[in-house]
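Reader: Hey, got a minute to go through the ligand sites and pockets with me? I'd like to see it first.
Author: Sure, here it is.

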Amino acid sequence: MRIVLCYPVGKKHIDQIQAAAPDFEVVNAGQERIDELLPTADILIGHAKVPVNWDRVLEAGKLRWIQSSAAGLDHCLVPGVIESDDIIVSSASGLFAPQVAEQTFSLLFGVLRRAPLFFRAEAKREFVRLPTDDLRGKTVGIVGLGGNGRFLARVLAPWDVRIIATDYFPVDCPAEVSQLWPADQLDRLLGESDVVILTLPLNGDTKGVFDAERFATMKRGSYLINVARGSVVQEKALCEALASGHLAGAGLDVTEVEPLPPESLLWDDPKVMISPHVGAQSARRVDDSTALAVINLRRYQSGLPVYNRVDKQLGFPHPSSVYRGQSD
Ligand SMILES: NC(=O)c1ccc[n+]([C@@H]2O[C@H](COP(=O)([O-])OP(=O)(O)OC[C@H]3O[C@@H](n4cnc5c(N)ncnc54)[C@H](O)[C@@H]3O)[C@@H](O)[C@H]2O)c1
Ligand SMILES: O=C(O)[C@H](O)CO
């Protein structure tokens with residue numbers, strides 16, 4: 001029985017996983033040996049950044065469980081994995097919420113305080129003073145109130161903002177959130193929000209959902225911050241909404257194509273701040289992913305349900321299964 005790791009582990013992490021699963025052989029594939037080793041895995045732990053030959057993996061017929069080291073599962077929820085009754089998938093939902101919140105803040109305050117414009121002036125050693133915007137008293141709409149969205153709601157509260165949200169499972173509305181609506185109330189949220197923050201998963205329902213019509217529904221002068229997945233937004237429509245002045249700015253940690261192509265109009269727009277999909281990054285990411293894998297490995301071997309097990313059709317876990325730091 002073999003566990004194949006495909007995230008940037010060190011010896012310490014391999015030892016932790018081996019200690020949690022003594023009956024398994026633990027093999028580190030990194031990103032380089034995924035093609036060779038993944039078909040031999042009973043359990044995959046990690047996050048493949050390279051295209052995986054899933055046909056080969058499924059033909060081999062060994063794989064039983066994918067513990068992703070990413071919250072978004074678009075890298076592994078291919079049709080064969082979704083359809084297989086033998087393979088369960090669990091995510092890192094919510095595990096990187098503090099880091100994603102920091103990235104959201106840097107983009108949000110960056111666009112409100114006009115950082116892209118000031119950085120351009122700074123590069124030319126120019127002291128350009130222009131009016132800036134601020135957050136206090138605004139309505140913030142969070143689309144997707146999972147791990148990241150909930151953490152954001154908590155840390156945004158001191159700005160005296162009104163926070164509204166939508167979620168596929170609109171349950172357990174936190175105290176900081178004034179209204180939590182079902183996902184089909186997105187247009188209502190857009191019509192009321194000065195700032196819209198995207199923290200929902202990419203799936204068949206959400207792909208391209210931010211089109212020209214959605215941007216027209218957003219308030220004139222509002223801002224879009226996307227720390228979810230780039231393909232939730234149609235970038236052409238976003239560029240048009242920015243160019244027409246309907247949107248006052250956008251902060252994007254994720255784009256439809258990554259890296260964002262050099263010819264994208266988004267690069268040139270001083271109302272736009274872009275970061276290269278670094279929301280989950282931190283020195284502790286591998287430690288945190290490994291800690292969840294270890295907890296889940298113990299549960300898996302004892303026959304308990306693993307945390308963050310996703311509904312493969314939906315592509316995200318039910319809130320009741322999400323790991324929130326509880327000790328077993
Ligand atoms: N920028 C980054 O580096 C980064 C880091 C982590 C996660 N992400 C992305 O952000 C997403 C959210 O991460 P998370 O850790 O909060 O995951 P999560 O699974 O905890 O939360 C996702 C939430 O979105 C809700 N949802 C699903 N469909 C929806 C819809 N149509 N409308 C509104 N809500 C909907 C779910 O019910 C869930 O509560 C991930 O799927 C991933 O794609 C990006
Ligand atoms: O989904 C996540 O965890 C981040 O986007 C990194 O892939």
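Reader: Why does ligand 1 lie between domain 1 and domain 2?
Author: Both domains give residues to the shell around ligand 1, so ligand 1 lies between them. Domain 1 is 2–93 + 282–317 and domain 2 is 96–274. Keep in mind that this is a predicted model.

Reader: OK. How many residues surround ligand 1, and which are the closest?
Author: There are 28 of them, and S93, G94, N148, D167 and D253 are the closest.

Reader: What's the split by class in that shell around ligand 1?
Author: You get 13 nonpolar, twelve polar and three charged residues in the shell around ligand 1.

Reader: Let's talk backbone. How far is a polar backbone atom of G147 from an oxygen atom of ligand 1?
Author: That one is 2.8 Å. Two nitrogen contacts go with it: a backbone N or O atom of V227 sits 3.2 Å from a nitrogen atom of ligand 1, and for Y168 a backbone N or O atom is 3.4 Å from a nitrogen atom of the ligand.

Reader: And how much of ligand 1's accessible area does the protein cover?
Author: On its own ligand 1 has 850 Å² of accessible area, and the protein covers 94% of that.

Reader: Which elements give two or more residues to the shell around ligand 1?
Author: Those are α7 (147–156), β7 (162–167) and β14 (316–317).

Reader: Switching to ligand 2. What surrounds it?
Author: Its neighbours are H47, A70, A71, G72, F96, R229, H277, A280 and R285. By class, that makes four nonpolar, three polar and two charged residues.

Reader: Which side chain has an N or O atom 2.6 Å from an oxygen atom of ligand 2?
Author: H277. The backbone joins in too: a backbone N or O atom of A71 is 2.7 Å from an oxygen atom of ligand 2, and G72 has a backbone N or O atom 2.8 Å from an oxygen atom of this ligand.

Reader: What's the coverage for ligand 2?
Author: The protein covers 86% of the 230 Å² of accessible area that ligand 2 has on its own.

Reader: Pockets next. How much space lies in the second largest pocket?
Author: About 350 Å³. The lining has 16 residues, and nearest the centre of the pocket are G94, A97, F151, Y323 and R324.

Reader: Which element gives the largest share of the lining of that second largest pocket?
Author: α7, with four residues. Both α5 (97–112) and α7 give two or more residues to this lining.

Reader: How does the lining of the second largest pocket divide by class, and which domains does it draw on?
Author: It divides into six nonpolar, five polar and five charged residues. Domain 1 and domain 2 each supply at least three residues of the lining.

Reader: Last topic. How many cavities of 30 Å³ or more does the structure hold?
Author: One. The largest cavity has a volume of about 30 Å³.

Reader: What lines the largest cavity?
Author: Y7, I45, Q67, S68, S69, A92, L95, S289 and L292. β4 (65–68) and α11 (285–301) each supply at least two residues of the cavity's lining.

Reader: How many charged residues are in the lining of the largest cavity?
Author: None: the lining divides into five nonpolar and four polar residues, with no charged ones.

Technical notes
Residues numbered from 1 in each chain as written. Chains lettered and ligands numbered in written order. Predicted model: local features only at pLDDT ≥ 70, side-chain atom pairs only at ≥ 80, totals over all residues. Heavy atoms only, no water. 1 Å grid on protein atoms, 1.4 Å probe; cavity = no way out; pocket = protein on both sides within 12 Å on 5 of 7 lines; lining within 4 Å. Points joined across faces, edges and corners; volume = space filled by probe spheres on them. Nonpolar A, V, L, I, M, F, W, Y, C, P; charged D, E, K, R; others polar. Near = heavy atom within 4 Å. Polar contact = N/O pair within 3.5 Å; in protein donor to acceptor, adjacent residues only side chain to side chain. Areas by Shrake-Rupley, 256 points an atom, 1.4 Å probe, with all protein chains shown as cover. Domains from an automatic or database assignment.
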